[in-house]
Every structure is written in structure tokens, then in C-alpha cells.
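Please open the model in your viewer and keep the selection panel at hand. The stops below go from the whole chain to single pairs of side chains.

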Amino acid sequence: MSSKVYFTSMKTKRGESLLTKLEHLIVRAGLLETISPNDLVAIKLHFGERGNLAYVRPQYVRRLVEQVKSKGGRPFLTDSNTLYAGSRSNAVDHLETAIENGFDYSVVGAPLVIADGLNGKDYVSVPVNLKHFKEVKIGSAAVQADVLLAVTHLKGHEATGFGGTLKNLGMGLGSRAGKQQQHSDLLPLVNEKICIACGKCAKWCPADAIVVESKAKISQDKCIGCGECTVTCPVRAIEINWKTEADTIQEKIAEYTAGVLKGKDEKTGFITFVTNVSPLCDCCGWNDVPIVGDIGILASKDPIAIDQAAVDLINQAYGNPLSELGERHEEHDKFRVLFPNVDWTIQLSYGETIGLGSREYELIRIG
């Protein structure tokens, strides 16, 4: 069966703002219908890396916050810490970056909660029993929330072709160790030249696979590849592996998304901004020329359908020859132009297979 995806363009009439159009879109899509009084409502978004300007503007988020409050919900903005060393790898830096980028309470009207805590260890292991994972590590704030609304900025991504709702949820709400599991099929290794033998890795290892003498040593027989040691080491002596095939990481992201959505019982909704469609993720400390012009905003209750619709709209749009598309801007599949070795459809087809939604959709244009 096809799912409903609601769409509003960026074109406005005199006296009508995009903020008002967003409100109408959310109401028409019925995203707030399941909010009950006093529900804790997690609004998942990407706060943007320091130096990046392509993320969703906080003024849009404020309108969503106001709508949630009008239903009696108690909204908070959330994301989990990053695996890479940047401006969002722990809650202190993450919150400072979010506030610098405009997501302050005085602007958005809701508190900020980092889903996996101070250093990424505040997570819940959620059973999924799928091909790659029996359980996934999801930031506890997202699991414990009554309602989850995902606000996504659609953009390109070197590992998955594009980053949409699935990546925003699966990778975005995985704990730091969960991100390591998604990124790597390899077990971690200790760089003995850097190791200071502090013992923190051994303390946090759930498999008792680490012994610290003059240096830390990991037993490859006992190691379960959970990634806790890589995110615990204070000097980054335990190397993070980023080596996962594009098909595999997309399937893993879909499985983590299944963990994020588990138990929410229809109390979820998805909003996607097809604006500032930069060729690379908002995790970069910069953003490049958009590959297409601003297209519009989508809303749906189906995470697969909204991703498919967003990519279809981009591929139907005129490509920007001044962007990374260059001379190939007229080709239909713009993300394959950017990343020819990545089949971005895998995340959607696999997500559909495991029951996340449908790639078949009805696009309902409003406004």
C-alpha cells in the first residue's frame, strides 16, 4: 500500500510566511494527532557542526515546538553525540555548538537534551533481532520519550548516497558505541604508541576483553565489537574503524532506525526540509553550493516514503551546474553523480523489507 506524503513548496503568497506554511503542513499530515497531555515529545534534529550553515533554521523548529505545546505535549530538542572528533562529541561541546547555531531556549522555546548523555554512555539496548544486530544501542532520551518527531535536512552523504530520515534516526540516535557498530565490521585495535595505560577502556568493556599492563591489549577472541572502548579512551589510542561497505552501513542504519521506532506505536512523525541540499552531511564544518534550488518541505508518518519522495523531488529538479554536479548536472540520479559507487536505494529497499514503511507513496501538495 502507498503511504501519504504531504508537500509544500517554498513559494509563498503576499502576506504568507514559510513558517505559516509549515504549520499548515504539520496539521494536514496529522503529525500531532497522537500527542496526549503531558507526553514527553522528543524532536530529533541535527544541530549542525560548528561552521556548517545548511542545517534547518531554528525558527522553523520553534513553530513545531509551539504546535506540540498547543496539544499539551512537553517538547525537547535532542540528538546524540558524534563518534568523530568534532564540536559535538560530548554533551558539553554539543550543547555549546547547538546554542551557537541558534538552538537556544529563548529562540526555540524548548530545552535541549543530548540523547546519550555526557559522553555517549547513556543508552538503552533495544532488541531488534535482525540480520546485522540482535540489539541496538539507542540514546536513552529517545527511548524514554512518549513521542518522537524527526526534523530532517535532506543532503548528500559519502557513505549512504544521501542522508535523510533514516540516517537522522538510525545513525543520529545511535549512541557513540552504536555509531561505531554501524560504521565498522572490524574489531578495534590499540595504538600502543599513544596508549597511556589508564585502564578506562577495561573498566567499560562489557566482555572483559581488555587487559591493561604496560599497555592495553584487546583479546580478539573475547571482543564482541561493541565499540565502547573506542569512545572511552581519553587519548583516542583505540582506533575507530570506519570500514563498512556502503550496502552494509545502509542496512545497519535501517536496523538502528527500527530500534529507535520500536515501542512508539504510531506516536511518531517525520518532517523533511529539501532546502540547501548540500553535497555532504551537516557533520562537516562547512557546507558547499546546493546541488539544486530550494524545493520545499515534506511531512509524513512513513519514514521510508518521505525519504523516497524527497529524493524523487531532487532528481526531478534542475541540477545546479555550479555545484559538485558540474557538467553532469542534467543527469537524473544526482546522488549517483556525486557518489557513483554508492547505491542509495539499499537503505530504502531494506528498510521496507524489515517493515519500516513503503517506497510507494502518494504525494499530496498543499499550499
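What follows is a tour of a predicted model, with a selection to make at each stop.

**Domains.** Begin by colouring the protein chain by its domain assignment, which gives domain 1 as residues 3-183 + 244-365 and domain 2 as residues 189-239. If you place a marker at the C-alpha centre of each domain, the two markers for domain 1 and domain 2 will lie 32 Å apart.

**The interface between the domains.** Next, select the residues where the domains touch: 10 residues of domain 1 are in contact with 9 residues of domain 2. Between them, domain 1 and domain 2 bury about 830 Å², with 47% of that area on carbon and sulfur atoms. The count of salt bridges between domain 1 and domain 2 is 2.

**Helices H6 and H10.** Now show helix H6 (residues 165-173) together with helix H10 (residues 246-261), whose axes come within 7 Å and cross at roughly 80°. H6 and H10 are therefore roughly perpendicular to each other, given that angles of 65 to 115 degrees count as such. To display their contact, select Leu166, Lys167, Leu169, Gly170, Met171 and Leu173 on H6, and Ile249, Ile253, Tyr256, Thr257, Val260 and Leu261 on H10. Coloured by class, this contact of H6 with H10 has 9 nonpolar, 2 polar and 1 charged residues.

**Helices H7 and H10.** Keep H10 in view and add helix H7 (residues 176-183); the axes of H7 and H10 come within 8 Å and cross at roughly 145°. Here the residues to select are Gly178, Gln181, Gln182 and His183 of H7, with Ile249, Lys252, Ile253 and Tyr256 of H10. The contact of H7 with H10 has 3 nonpolar, 4 polar and 1 charged residues.

**Salt bridges.** Finally, turn to the charged side chains, where the structure holds 15 salt bridges. Select Lys301 and Glu33, which form one with their closest N and O atoms 3.5 Å apart. This pair links distant parts of the chain, 268 residues apart: Lys301 sits in the loop between strand E15 (296-300) and helix H11 (303-316), while Glu33 sits in the loop between helix H1 (18-29) and strand E2 (40-44). As a last selection, show Glu228 and Lys121, whose side chains meet in a salt bridge at 3.0 Å, N to O.

Methods. Residues numbered from 1 in each chain as written. Predicted model: local features only at pLDDT ≥ 70, side-chain atom pairs only at ≥ 80, totals over all residues. Heavy atoms only, no water. Axes fitted to C-alpha atoms, helices over the stretch in contact; angles between N-to-C directions. Helix = DSSP H or I, 4+ residues; strand = E, 2+ residues; numbered from the N terminus. Parallel < 35°, antiparallel > 145°, perpendicular 65-115°, else oblique. Contact = heavy atoms within 4.5 Å. Nonpolar A, V, L, I, M, F, W, Y, C, P; charged D, E, K, R; others polar. Domains from an automatic or database assignment. Buried area = accessible area lost by both parts, 1.4 Å probe. Salt bridge = Lys/Arg side-chain N within 4 Å of Asp/Glu carboxyl O.
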